[in-house]
Amino acid sequence: MQRIGVFVCWCGSNIAATVDVHAVAEAAKLEPGVVFSTDYQYMCSQAGQNMIIDAVKEHKLTGLVICSCSPRMHEATFRKTAANAGINPYMVEIANIREQCSWVHKDMPTGTEKAIILAKAAIAKVHLNTPLTPGESKVTKRALVIGGGIAGIQTALDIADAGYPVDIVEKEPTIGGKMAQLDKTFPTLDCAACILTPKMVDAAQNENIRIISYAKVEEVGGFVGNFHVKIRKKARFVNEDVCTGCGLCTEKCPQKKVPNAFNLNMDNHRAIYIPFAQAVPKVAVIDPDYCNMLKNGKCGVCAKVCTAGAIDYKQEDQIIEEDYGAIVAATGYNPISVEKFDEFAYSQSKDVITSLEFERLTNAAGPTAGKLLRPSDGEHPHTIVFVQCVGSRCASCAGKGKEYCSKICCMYTAKHAMLVRDKYPDTEVYVFYIDVRTPGKNFDEFYRRAVEEYGVHYIKGMVGKVTPENGKLKVQASDLLADRQLHIDADLVVLAAAIEPDKSARPLATMLTASMDTNDFFTEAHPKLRPVESPTAGIFLSGACQGPKDIPETVSQASAAAAKVIGLLSKNTLKGNPCVAQSDELMCNGCSSCANVCPYGAITYVNKEFRMPDRTTKVRRVASVNPAVCQGCGACTVACPSGAMDLNGFKNNQIMAEVDAICK
Amino acid sequence: MQVNESNIVANEEFRPKIVAFCCNWCSYAGADLAGNNRLAYPADIKIIRVPCSCRVNPMFILRAFQRGADGVILCGCHPGDCHYTSGNYYTRRRMAMLFSMLNYLGIEKERTRVEWVSAAEGAKFAATMQDFAEKVKALGPNKRLEDLRCKQ
């Protein structure tokens, strides 16, 4: 028989306001096996924990029930307390009487009644708890960063600086990500390339960093400290080790009509190309959809002009397999497609562009060499209308837009407006907004400058319709503050499209078994206290894949993720989760049902000798679980026809005891 | 408990007993989020935490009905989002079988449910529980499988 102690937490008034904590403690005393029961204001505080330790010693407790907040919050805390008190940490059960009781039920009798039942269920369970000891596993001291934008680069650099090898997997032929496409950055207006490209070069030259570009993660197996990853490096038809990046081939290739994705298809490049001048690695790549040689075997110009002999038309995809201790997701974002917003006529007129296209138009390395020219006729625009919140904060436009605020658009629109007025003072600039949101260091000052020094017309109200007419764009909008309709003849309309997670994030999350929210942003282990970790151990989050972020925030999160990775890699061994499956060899008949459902391949079969009642021995095939590989899902426990398989910490009899206590 | 029974059950209103199995990674976190956002749902719902919805043995559900539960709901991660990659698919198949058998035994199909609730769907969790509790309440007490020998 266990000697159980029950500790009911008030959580200040969070629990005590709707649960009579004293009554819960009193009711618990009546349960069999409970030898001590009390309530206290903050069980998780040092004083509360000391109270638990003292009670364990005084009453010789063998099991603890803490009625408090969610186990997702403080289970680890109280397990440590139990260990400090000298009992096995897995002899602790939490009754969640805060999130799932006091916070959701309004009146005291209801809350108290439910809290008592939850406490009784936990008591019933802890009666059947057994001491568990976590196994240990080795940590592979190498990290994988998925995504080579500024987030991935920063994370990789920081991990590498701590002395650990790190691989960056980037799906594009070059690292750099979205930041490489930007022109200037707010609020300091330094050019994106000037601050990004040195970091890209640092990453390329760092001996601890390996850049695997033009590649994607295909398979992830294993667990924290011991991930096994399969990476597909796509054929670029150019030998990366030989190509010098001279660019001669990209000038001689006869196939000139390949849309330039880096410039958002506003101009063309050749079928063999280097995405941009500062690309890392600076290696050409052939687009097999356009290359004449690869399509019909007729051409070969690039191979002829290449003095290094780097062209290899027969190159095939390469599979790289590697072990990692930690994985960082840094998959970034994309602007949403604005084509569905008919009112803005994006598909009807070339002169309606997105903000990212605008970045390329003003970028000195862009399709117009930095001159702001209308895409339709190459004329200089004299009236520009910026529309904010296109698809952001749009609960009603389901399927097209997003409910959330994309966070960065207010600032980059202010930047665009300011840059236009600075370079071309003869241009009238209008910005239509719902709200201008500028929290951040020097952000509001920046926006005020756009309005006050540069004379940008900020108008509160949304644009209702854009109609292309005689080479002009007729913009119909409302001015909510002046309560009037506006008609503006614009030359260029720039849409601040909402941002969404990259499409590759969801399949990746599935491979990583990392959770995502309904918008496909990765979820954090805790929204406030563990913002750079995924709930899945060993997976970390960096940058905009976790939520909309500007560059300073992305970089700080990237470094934070790196710090967490370094903390993990600095350990030689990790304690595993002891709540793993275990088979009762006497009951197992070796049928393989469990191995068939195990997603981790944790179950193998061994031939074991059993002593029979007649003193003979018999060899039988029985299941054996590898505790280092088992993740403790419990699929096998249900599949087992003989009931031999059980899950430590969530044993059949424990869950049944909880069911009984609740239904009593 | 005795004190509470006299207080609450005295007004004769039927209060269903509902067991909710929630997977640790999505639905239990969704329930926590409902709590964080103070989204109320009936106190008749009592949650049992399991690592994955696939840990729920059909026996647990039969046991609940045997012991007098009026409804059992099982919540897991959305298909494709299972923390253990495929656990919720097992759940879906197992429960389709079990629930159809229970229906045959006279347990109305409204008394059993599988629902996918992610860690971000606190509102969905509260709304689902509200709806489920109302439906079970409308059906009245479950007498079909209740084993009176289990009553103390």
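**Exercise 1. Helix α4 of chain B and the residue that follows**

Determine what phi B:Gly106 takes just after α4(B) in this predicted model, and describe the helix that precedes this glycine.

*Solution.*
Step 1. B:Gly106, just after α4(B), takes a positive phi of about 100°.
Step 2. The helix α4 of chain B covers residues 87-104, a run of 18 residues. From its first C-alpha to its last it reaches 26 Å, close to the 26 Å expected at 1.5 Å a residue.
Step 3. The buried residues of α4(B) are B:Gly87, B:Asn88, B:Tyr90, B:Thr91, B:Arg94, B:Met95, B:Leu98, B:Phe99 and B:Leu102. An α-helix has 3.6 residues a turn, so residues three or four places apart point the same way.
Step 4. The cover over these buried residues includes elements of both chains: α16 (593-597) and α17 of chain A, together with α3 (58-66), β3 (71-76) and β4 (112-116) of chain B.

**Exercise 2. The packing of two helices in chain B**

State at what angle α2 (residues 27-36) and α5 (residues 122-139) of chain B pack, and which residues make the contact.

*Solution.*
Step 1. Two packed helices are described by the angle between their axes and the distance between the axes.
Step 2. For α2 and α5 of chain B the angle is about 90°, and the axes lie 7 Å apart.
Step 3. Angles of 65 to 115 degrees count as roughly perpendicular; α2(B) and α5(B) are therefore roughly perpendicular to each other.
Step 4. From α2(B), the contact is made by B:Ser27, B:Gly30, B:Ala31, B:Leu33, B:Ala34 and B:Asn36. From α5(B), the contributors are B:Gly122, B:Lys124, B:Phe125 and B:Ala126.
Step 5. Sorted by class, this contact of α2(B) with α5(B) has 5 nonpolar, 4 polar and 1 charged residues.

**Exercise 3. Where chain A meets chain B**

Identify which element of chain A gives the most to the side that touches chain B.

*Solution.*
Step 1. The contact involves 47 residues of chain A and 47 residues of chain B.
Step 2. On the side of chain A, the elements that give two or more residues are α3 (71-84), α4 (98-102), α5 (108-126), α17 (635-639) and α18 (652-663).
Step 3. The element that gives the most is α18(A), with 8 residues.
Step 4. By class, this side of chain A has 23 nonpolar, 15 polar and 9 charged residues.

**Exercise 4. The layout of chain A**

Describe how chain A is divided into domains, and give its overall dimensions.

*Solution.*
Step 1. Chain A has 18 helices and 34 strands. Its C-alpha trace spans about 95 × 65 × 40 Å along the principal axes.
Step 2. The division gives domain 1 (4-126), domain 2 (143-234 + 317-332 + 502-569), domain 3 (248-305), domain 4 (334-500) and domain 5 (581-648).
Step 3. The centres of domain 1 and domain 4 of chain A, taken over C-alpha atoms, are separated by 56 Å.
Step 4. Of the 664 residues in chain A, 51% are buried. Among contacts in chain A with a separation of 6 or more, 70% join residues 24 or more positions apart.

**Exercise 5. The surroundings of A:Val6**

Decide whether A:Val6 is buried or exposed, and name the residues that it touches.

*Solution.*
Step 1. A:Val6 lies in strand β1 (residues 4-9) of chain A.
Step 2. A residue is buried if 20 or more other C-beta atoms lie within 10 Å of its own. A:Val6 has 29 such atoms, and is therefore buried.
Step 3. Residues up to four places away in sequence aside, A:Val6 touches A:Ala25, A:Ala28, A:Val34, A:Ser37, A:Val65, A:Cys67, A:Ala119 and A:Ile123.
Step 4. A:Lys120 stands 114 residues from A:Val6 along the chain, and their C-alpha atoms are separated by 9.9 Å.

**Exercise 6. Backbone features in loops of chain A**

Locate the cis peptide bonds at A:Pro187 and A:Pro281, then state how exposed A:Lys60 and A:Arg393 are.

*Solution.*
Step 1. A cis peptide bond with omega of about -10° joins A:Phe186 and A:Pro187. A:Pro187 belongs to the loop between β8 (184-185) and β9 (190-191).
Step 2. Another cis peptide bond, with omega of about 0°, joins A:Val280 and A:Pro281. The loop between β15 (272-273) and β16 (285-286) holds A:Pro281.
Step 3. A:Lys60, in the loop between α2 (46-59) and β3 (63-68) of chain A, has a positive phi near 50° although it is not glycine. With 12 other C-beta atoms within 10 Å, A:Lys60 is exposed.
Step 4. A:Arg393 also has a positive phi, near 50°, and is placed in the loop between β21 (383-390) and α12 (409-423) of chain A. A:Arg393 has 17 C-beta neighbours inside 10 Å and so counts as partly exposed.

Note on methods. Residues are numbered from 1 along each chain as its sequence is written. Chains are lettered from A and ligands numbered from 1 in the order in which they are written. This is a predicted model: local features need pLDDT of at least 70, side-chain atom pairs count only at pLDDT 80 or more; totals for chains, interfaces and linings use all residues. Axes are lines fitted to C-alpha atoms, for helices over the stretch in contact, and angles run from 0 to 180 degrees between N-to-C directions. Helices (H or I, at least four residues) and strands (E, at least two) are DSSP runs, numbered from the N terminus. Angles under 35 degrees count as roughly parallel, over 145 as roughly antiparallel, 65 to 115 as roughly perpendicular and the rest as oblique. Two residues are in contact if their C-beta atoms, placed from the backbone, lie within 7 Å. Ala, Val, Leu, Ile, Met, Phe, Trp, Tyr, Cys and Pro count as nonpolar, Asp, Glu, Lys and Arg as charged, and the others, Gly among them, as polar. Domain bounds come from an automatic or database domain assignment. The expected span of a helix is 1.5 Å times one less than its number of residues.
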